[in-house]
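Here are my notebook entries from a session with this structure. I wanted to look up its empty spaces, and then the strands and helices around them.

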Amino acid sequence: MIWAAQRVPDEEIAIIPNWSIIKEIDLSKPEQFKASSNYMQVAIDNGWYSPESGKPFIWQDVYAPTPREWATNRFWLFVNTFAPSLDPIPSRRTNNPFDNLNQYIQYVEPLSVYSFSFKPERKVSVKDFMDFQRSTFTGTIYDKENDAAWYYPDKNGNMVKSKLATPFPSSETQKLMKTTRRRLVARVDGEYGMVAQLRSDLPKEIGGIYWVFQDNAYTSPYLPIFTGVTRIPEVYSTYDPKQYSDNSARWAIDFVDNLLYLNWQEGKKDLEAARAPMEQDFFRRNAEIEKEFLALQKKSPKKAVELLNNYTRECADTIMKTYVQLRNTLITKYTNNRMR
């Protein structure tokens, strides 16, 4: 087995877009680099690198030499979002629905043009990372929600964007529209994901919060789970992909996701209107729970942990209630069976 690791400096951020981003390795700096003893020898034995060449050993070039566009475009978006002045590529932002078809403005750059990590131009919050995980490349050449195939002429000859326009066209929709689906940051075929919020200045039970989403980050809410939790809410531990359940958060989220396709352009507004205040309240309540935990832990550590368990369940129940209501809203507003 070969491996290498590089530490991200405290004031910097990094992204690994399914492609290795480590470049030169300096094991004389163990606080910055670590690697297996054979990390270079394997490349030499396979003819991927020759010390006699006089060139430095670049991990990324040797073991991940040719990235694909679905890796470089996410790397570009990360840099362009958090440090646009460092962006090495000409702008990929556009509102022109035909630009995603224009090969002359689509650059396939090597990952080596990006640094391993960088200092963001503003302080990055947990919410910023949530928003990035929900990205669908809006306003760029990769924006499939703004594909030219979604437009049609109205009675006056003006081009109108279909309310069905979605960044996640199904395989059958792609065939019908003669288009493709980009691999976005948010993915409709995912399983789950999270943002890990780690704080060393708090007790270990509340110093970490796993903000967990189910399925597609674009559609899903983030459930806060403190590291001191000892029970996962039933609605988040119940899921059978072969059998729908009214007691499963994953199914509740997936139900909403599927109903959005009835009218994506209007439905996504309903989604945000329901989810945003709920998540804002989670952030507010988290701060209160942390104070309650600190006070209770001094008296009864067991009751303090139970406080975290109950809070996680309350948040999960709120998500279930919100998404069931959202499901009902979507089917009522956008049903295709309404008399016209």
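**Entry 1: the largest pocket.** I began by asking which element gives the most to the lining of the largest pocket. I found that β5 does, with seven residues. A reminder to myself before going on: this is a predicted model.

I then listed the elements that each supply at least two residues of that lining: β1 (4–6), α3 (69–82), α4 (126–133) and β5 (192–198). The pocket has a volume of about 1400 Å³. I counted 45 lining residues in the record of the search, and those nearest the pocket's centre are Ala 14, Phe 78, Phe 129, Gln 133 and Val 195. By class, I noted 26 nonpolar residues, eight polar and 11 charged in the lining.

**Entry 2: the second largest pocket.** Next I looked up the volume of the second largest pocket, which is about 370 Å³. Its lining has 19 residues, and closest to the centre I found Asp 131, Arg 134, Ser 135, Thr 136 and Thr 138. Three elements give two or more residues here, namely α3, α4 and α9 (264–299). Which of them gives the most? It is α9, with four residues. Sorting this lining by class gave me six nonpolar, five polar and eight charged residues.

**Entry 3: the cavity.** I moved on to enclosed space. My reason for looking is simple: rolling a probe the size of a water molecule over the atoms shows where empty space is left. How many cavities of 30 Å³ or more does a search of the whole structure find? The search finds one, and about 30 Å³ of space lies in it.

I wrote down its lining in full: Thr 94, Asn 96, Pro 97, Asn 100, Thr 140, Ile 141, Asp 143 and Asn 146. Of these residues, two are nonpolar, five polar and one charged.

**Entry 4: the sheet.** Since β5 had come up as the top contributor to the largest pocket, I looked up its partners. It belongs to an open sheet of three strands, in the order β5-β6-β7, with antiparallel pairing. The edge strands are β5 and β7 (223–226), each pairing on one side only. From one strand to the next, the twist averages 25 degrees.

I also checked how β6 (residues 208–214) is joined to β7, and found four bridges between these antiparallel strands. Which residue in β7 stands opposite Tyr 210? I read off Ile 225.

**Entry 5: the helices α3 and α4.** Both helices supply residues to the lining of the largest pocket, and both came up again for the second largest, which made me curious about how they sit. I found α4 lying across β5 and β6, running at about 165 degrees to β5.

For the helix pair itself, I noted a packing angle of about 145 degrees and axes 12 Å apart. The crossing of α3 and α4 is right-handed. On the α3 side of the contact I listed Arg 74, Leu 77, Phe 78, Thr 81 and Phe 82, and these meet Asp 128, Phe 129 and Phe 132 in α4. By class, the contact has five nonpolar residues, one polar and two charged.

One last cross-check pleased me: Phe 78 and Phe 129 are on the contact list, and both are also among the residues nearest the centre of the largest pocket.

Note on methods: Residues are numbered from 1 along each chain as its sequence is written. This is a predicted model: local features need pLDDT of at least 70, side-chain atom pairs count only at pLDDT 80 or more; totals for chains, interfaces and linings use all residues. Side-chain values use heavy atoms; hydrogens and water are left out. On a 1 Å grid over the protein atoms alone, a cavity is a set of points where a 1.4 Å probe fits but cannot get out, and a pocket is an open set with protein on both sides within 12 Å along at least five of seven lines; lining residues have an atom within 4 Å of a point. Grid points are joined across faces, edges and corners, and a volume is the space filled by probe spheres set on the points. Ala, Val, Leu, Ile, Met, Phe, Trp, Tyr, Cys and Pro count as nonpolar, Asp, Glu, Lys and Arg as charged, and the others, Gly among them, as polar. Two strands pair if DSSP finds at least two bridges between them. Axes are lines fitted to C-alpha atoms, for helices over the stretch in contact, and angles run from 0 to 180 degrees between N-to-C directions. Contact means heavy atoms within 4.5 Å. A crossing is left-handed if the near helix is turned anticlockwise from the far one by less than a right angle, and right-handed if clockwise.
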